Amino acid sequence: MDQPGRPSAAGFLAVEGGNLYYEVEGAGEALVLIHGGLGNLRMWDSQARALAGSYRVIRCDIRGFGRSTTEHVEFAYWADVAALLDHLGVDRAHIVGQSIGGGIALDFALARPACVATLTSVAGGIGGYRPDLGPEEDNVPWGDLDRLWDKKKWVELAELETRVWVDGWGQPTTRVGRTLRDRVKGDVLSTYQAENEEGLPQPLEPRAADRLGELTVPVLVMIGTLDEVRSRATAAHLVASVPGSRFVEVAGVAHMIQLEAPERVSEEVREFIQDHPF
């Protein structure tokens, strides 16, 4: 049996206009973990260790992050996931995604429904959905994030991203441990400073926001009570749009749930997929 934490397979998969770095560990039903936009596959290390004793855990750096690369070409993140599973000979899997990765997981579930046993969205997005919020509800400085990006002020941008997504907007910068905060901020900053070639990610068409009624797989939605208001509104919308979905609020954490509450996330995912085996 593969030892949890020691990949049984790792390498690069050539996809059109890019290369995906991936790792596989454990054995059993396939479980795919898709990271968000503030890091790479290492963000799921705790969950991979916890779950690889029972499942075949598959992770990759999404295109343009970590060790994965892209050319300046059009591509779809969900299609990259499909290509990786095809390469690994996986016909069906439990799909878990966080933040942007949650949106990718949702797109994949809609594009390849027969390949998905369960869908777990951890503070995940919904392609094409924008909550109807007033400025008094949503005071995150999104414009400042865009301005810092345009001016390539990477140090300032990494700090502001960390305040929004790690601390939780409006929370003190000392709320989470320094090690965790510095880790995520360092990942964000290194990605920006690398200034690697950027691809042209294409949305699923029709957009996920208009297709939630098509979902027939079991859905688990997780959200932190300290996450910013758009993410919380999006989680609520997904739950309301999918009858029978399971909703888990994690008290006292912000957007990076799997890093702030790693054991809780592992337990919830394990319990959910045990309730819905292949």
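Trainee: Leaving aside its neighbours within four places in sequence, which residues is Val81 in contact with?

Mentor: A good place to start, and please keep in mind that this is a predicted model. Contact here means heavy atoms within 4.5 Å. Once neighbours within four places in sequence are set aside, Val81 touches Ile34, Ile104 and Phe108.

Trainee: Where does Val81 lie, and is it buried or exposed?

Mentor: Val81 is part of helix H2. A residue is called buried when its relative accessible area is under 20%. Val81 has 6%, so it counts as buried. You can also look across the chain: Val81 and Cys60 are 21 residues apart in sequence, and their C-alpha atoms are separated by 8.4 Å.

Trainee: What span should helix H2 have, and how far apart are its ends?

Mentor: The idea is to allow 1.5 Å a residue. Helix H2 covers residues 77-88, which is 12 residues, so a span of 16 Å is expected; the C-alpha atoms at its ends are 17 Å apart, in agreement.

Trainee: Which residues of H2 are buried, and what follows the helix?

Mentor: Along with Val81, the buried residues of H2 are Tyr77, Trp78, Asp80, Ala82, Leu84, Leu85 and Leu88. After H2 comes Gly89, with a positive phi near 75 degrees.

Trainee: Which residues have a positive phi without being a glycine?

Mentor: Let me show you two. Ser99 has a positive phi of about 60 degrees and is not a glycine. Ser99 sits in the loop between strand E7 (93-98) and helix H3 (100-111), and with a relative accessible area of 17% Ser99 is buried. Ala123, also not a glycine, has a positive phi of about 50 degrees. You will find Ala123 in the loop between strand E8 (116-122) and helix H4 (142-150), where Ala123 is buried at a relative accessible area of 3%.

Trainee: What is Pro131 in contact with, and where does Pro131 lie?

Mentor: Pro131 belongs to the loop between E8 and H4. Not counting neighbours within four places in sequence, Pro131 is in contact with Arg230, Ala233 and Thr234. Pro131 and Val229 are 98 residues apart along the chain, with 9.0 Å between their C-alpha atoms. The relative accessible area of Pro131 is 11%, so Pro131 is buried.

Trainee: Which residues does a cis peptide bond join?

Mentor: Look at Glu205 and Pro206, where omega is about -10 degrees. Pro206 lies in the loop that runs between strand E9 (200-201) and strand E10 (219-224).

Trainee: What polar atoms does the side chain of Ser68 reach?

Mentor: For a polar contact, we look for N or O atoms within 3.5 Å. The side chain of Ser68 reaches the backbone oxygen of Asp61 at 2.5 Å, and a polar atom of that side chain lies 2.8 Å from the backbone nitrogen of Tyr21. Ser68 is found in the loop between strand E4 (56-60) and strand E5 (69-70). With a relative accessible area of 4%, Ser68 is buried. Beyond its neighbours within four places in sequence, the contacts of Ser68 are Asn19, Leu20, Tyr21, Asp61, Ile62 and Arg63.

Trainee: How many disulfides are there?

Mentor: A disulfide needs two cysteine sulfur atoms within 2.5 Å. By that rule the count is 0. Cys60 is in no disulfide, and the nearest cysteine sulfur, that of Cys115, is 15 Å away.

Trainee: Why is Cys115 not bonded to Cys60?

Mentor: The sulfur of Cys115 has its closest cysteine sulfur in Cys60, 15 Å away, and that is too far for a bond. Cys60 is buried at 9% relative accessibility, and Cys115 is buried at 16%.

Trainee: What radius of gyration does the protein have, and what would a compact globule have?

Mentor: For 278 residues, a compact globule would have a radius of gyration near 19 Å; the protein has 18 Å, which agrees. The C-alpha trace spans about 45 × 40 × 40 Å along its principal axes, and the protein contains 9 helices and 11 strands.

Trainee: How many of the residues count as buried?

Mentor: Of the 278 residues, 53% count as buried. The accessible surface is about 12200 Å², with 47% belonging to carbon and sulfur atoms. As for contacts between residues at least 6 apart in sequence, 73% join residues at least 24 apart.

Note on methods. Residues are numbered from 1 along each chain as its sequence is written. This is a predicted model: local features need pLDDT of at least 70, side-chain atom pairs count only at pLDDT 80 or more; totals for chains, interfaces and linings use all residues. Side-chain values use heavy atoms; hydrogens and water are left out. Buried means under 20% relative accessible area, exposed over 50%, partly exposed in between (1.4 Å probe, protein chains only). Helices (H or I, at least four residues) and strands (E, at least two) are DSSP runs, numbered from the N terminus. A polar contact is a pair of N or O atoms within 3.5 Å; within protein, one must be able to donate a hydrogen and the other to accept it, and residues adjacent in sequence count only if both atoms are side-chain atoms. The expected span of a helix is 1.5 Å times one less than its number of residues. The radius of gyration is taken over C-alpha atoms; the globule rule is 2.2 Å times the number of residues to the power 0.38. Accessible areas come from the Shrake-Rupley method with a 1.4 Å probe; for residues, only the protein chains shown count as cover.
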